Amino acid sequence: MRAVDEGKALLQVATKRLSEPNGPDLIMHGHTHQPKLEQAGYGVYANAGAWYVEQQYVRIDADSISSVTWSNSGESHVLHTINRVAEESPAKGQEVVGGV
């Protein structure tokens, strides 16, 4: 069952926390069954969605976070990637994308 609000409430809570100067650089949620991968605040918000419906998962590497899907044959395909490079994130104290 998908979240009635399409996961917007969890994204709002995560963005608030990611916007804090000493907050985390990644928040990953489940429970909404709404796949999402986006920069929020000073970090990244990730939700794999319902892996059994969209056949998606989130892959976390040292330098990137990706939303990945796979086919029944086992082949995977990267849908979206966000680099985890510091210079791409806003400097602490600057205006934050998606800030609340």
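**Exercise 1.** Determine which residues Ile82 is in contact with, leaving aside its neighbours within four places in sequence.

*Solution.* Contact means heavy atoms within 4.5 Å. By this criterion, Ile82 touches Leu37, Glu38, Gln39, Val44, Asp63, Ser64 and Ile65. The model is a predicted one, in which local features need pLDDT of at least 70, side-chain atom pairs count only at pLDDT 80 or more, and totals for chains, interfaces and linings use all residues. Residues are numbered from 1 along each chain as its sequence is written, and side-chain values use heavy atoms, with hydrogens and water left out.

**Exercise 2.** Identify the strand that holds the bridge partner of Ile65.

*Solution.* Strands are DSSP runs (E, at least two residues), numbered from the N terminus. Two of them pair if DSSP finds at least two bridges between them. Strands β5 (residues 64-70) and β6 (residues 76-83) are antiparallel and share seven bridges. The partner of Ile65 is Ile82, in β6. Five residues separate β5 and β6 in this hairpin, and Gly74 in the turn has a positive phi of about 95 degrees.

**Exercise 3.** Establish on which side of helix α1 its buried residues lie.

*Solution.* Buried means under 20% relative accessible area, exposed over 50%, and partly exposed in between (1.4 Å probe, protein chains only). A helix is a DSSP run of H or I with at least four residues. In α1 (residues 8-18), the buried residues include Leu11, Ala14, Thr15 and Leu18. They lie on the same side of α1, because they cover an arc of only 100 degrees around the axis, taken from the directions from the helix axis to the C-beta atoms. The face turned away carries the exposed residues Val13 and Lys16.
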